[in-house]
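The following exercises concern a single protein model. Each consists of a task followed by a solution worked step by step.

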Amino acid sequence: MNDRPFILGGLIVFVVFVTIPVWRSLATPKVTLAAPQLAVPARETQCVAPVSYMRTSHMQLLQEWRDDVVRRQQRQYVAFNGRTYQKDLTRTCLSRCHGSRKEFCDRCHEYNGVTAPDCWNCHSDALRAAGGTR
């Protein structure tokens with residue numbers, strides 16, 4: 001018996017199913033988001049680290065701060081420019097420069113497609129507004 005039509009039909013079906021993601025991506029319109037325009041802080045002229053470092057590695061810096069404060073009770077940070085800051089997300093970062101989590105942190109995380117870290121389990125806007133220590 002001649003199985004050639006069944007083999008060719010099976011190959012065609014296989015190729016169609018394997019290439020569906022490619023055809024779908026070609027048919028879907030491309031949406032590009034404009035980079036968020038972030039407000040420059042009025043009171044501060046420099047961040048605790050260079051902007052290029054903060055754009056790529058701010059989470060590592062915040063994790064180092066967390067470990068230093070919680071595990072080693074080291075609460076002071078000497079910046080690259082010699083200035084001393086408190087190792088505190090709420091008092092240093094949010095109070096001095098980036099006043100709104102929604103307008104700063106969330107916008108950048110959304111634009112870059114990354115999930116927000118769990119900082120907000122402790123550092124909430126409500127605690128900050130109430131003058132909390134976190």
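**Exercise 1. Cysteines**

How far is the sulfur of cysteine 93 from the closest cysteine sulfur, and in which residue does that sulfur lie?

*Solution.* The model is a predicted one.
Step 1. The closest cysteine sulfur to that of cysteine 93 belongs to cysteine 47, at 6.8 Å.
Step 2. A disulfide requires the two sulfur atoms to lie within 2.5 Å.
Step 3. The separation of 6.8 Å is therefore too far for a bond between cysteine 93 and cysteine 47.
Step 4. For the structure, the number of disulfides is zero.
Step 5. Cysteine 93 is buried at 16% relative accessibility, and cysteine 105 is likewise classed as buried, at 17%.

**Exercise 2. Overall arrangement**

State how many helices and strands the protein has, and give their order along the sequence.

*Solution.*
Step 1. The protein contains six helices and two strands.
Step 2. Their order along the sequence is α-α-α-β-β-α-α-α.
Step 3. Of its 134 residues, 19% are classed as buried.
Step 4. Among contacts with a separation of 6 or more, 55% are between residues 24 or more positions apart.
Step 5. The exposed area is about 10400 Å², of which carbon and sulfur atoms provide 59%.

**Exercise 3. Salt bridges of helix α3**

Describe the salt bridges formed by aspartate 67 and aspartate 68, and identify which partner lies outside helix α3.

*Solution.*
Step 1. The count of salt bridges is four.
Step 2. Aspartate 67 pairs with arginine 71, their closest N and O atoms lying 3.1 Å apart. Both residues belong to helix α3 and are four residues apart, about one turn of the helix. Aspartate 67 is buried at 17%, whereas arginine 71 is exposed at 58%.
Step 3. Aspartate 68 pairs with arginine 72, with 2.9 Å between the closest N and O atoms. This pair also lies in helix α3 with a spacing of four residues. Aspartate 68 is buried at 13%, and arginine 72 is partly exposed at 44%.
Step 4. Aspartate 68 also meets lysine 87 in a salt bridge, at 2.6 Å from N to O. Lysine 87 is located in the loop between β2 and α4, so its pairing with aspartate 68 in helix α3 ties together parts 19 residues apart in sequence. Lysine 87 is buried, with a relative accessible area of 11%.
Step 5. Through shared partners, salt bridges join Arg66, Asp67 and Arg71 into one network.

**Exercise 4. The nonpolar patch**

Which residues make the nonpolar surface patch, and which helix gives the most to it?

*Solution.*
Step 1. The patch consists of Ile12, Val13, Val16, Phe17 and Ile20, and covers about 480 Å².
Step 2. Helix α1 (residues 4-18) is the main contributor, with four residues.
Step 3. Isoleucine 12 lies in helix α1 and is exposed, at 55% relative accessibility.

**Exercise 5. Asparagine 112 and glutamine 73**

Locate asparagine 112 and glutamine 73, and state whether each is buried or exposed.

*Solution.*
Step 1. Asparagine 112 is in helix α5 (residues 102-112) and is exposed at 52%.
Step 2. A polar atom of the asparagine 112 side chain is 3.0 Å from the backbone oxygen of cysteine 108.
Step 3. Proline 36 is 76 residues from asparagine 112 in sequence, yet their C-alpha atoms are 9.9 Å apart.
Step 4. Glutamine 73 lies in the loop between α3 and β1 and is exposed at 56%. Its phi is near 55°, a positive value in a residue other than glycine.

Key. Residues numbered from 1 in each chain as written. Predicted model: local features only at pLDDT ≥ 70, side-chain atom pairs only at ≥ 80, totals over all residues. Heavy atoms only, no water. Buried < 20%, exposed > 50% of the residue type's maximum accessible area, 1.4 Å probe, protein only. Contact = heavy atoms within 4.5 Å. Areas by Shrake-Rupley, 256 points an atom, 1.4 Å probe, with all protein chains shown as cover. Patch = residues over 30% accessible without salt bridge, like charges linked within 9 Å, V, L, I, M, F, W, Y side chains within 5 Å. Salt bridge = Lys/Arg side-chain N within 4 Å of Asp/Glu carboxyl O. Polar contact = N/O pair within 3.5 Å; in protein donor to acceptor, adjacent residues only side chain to side chain.
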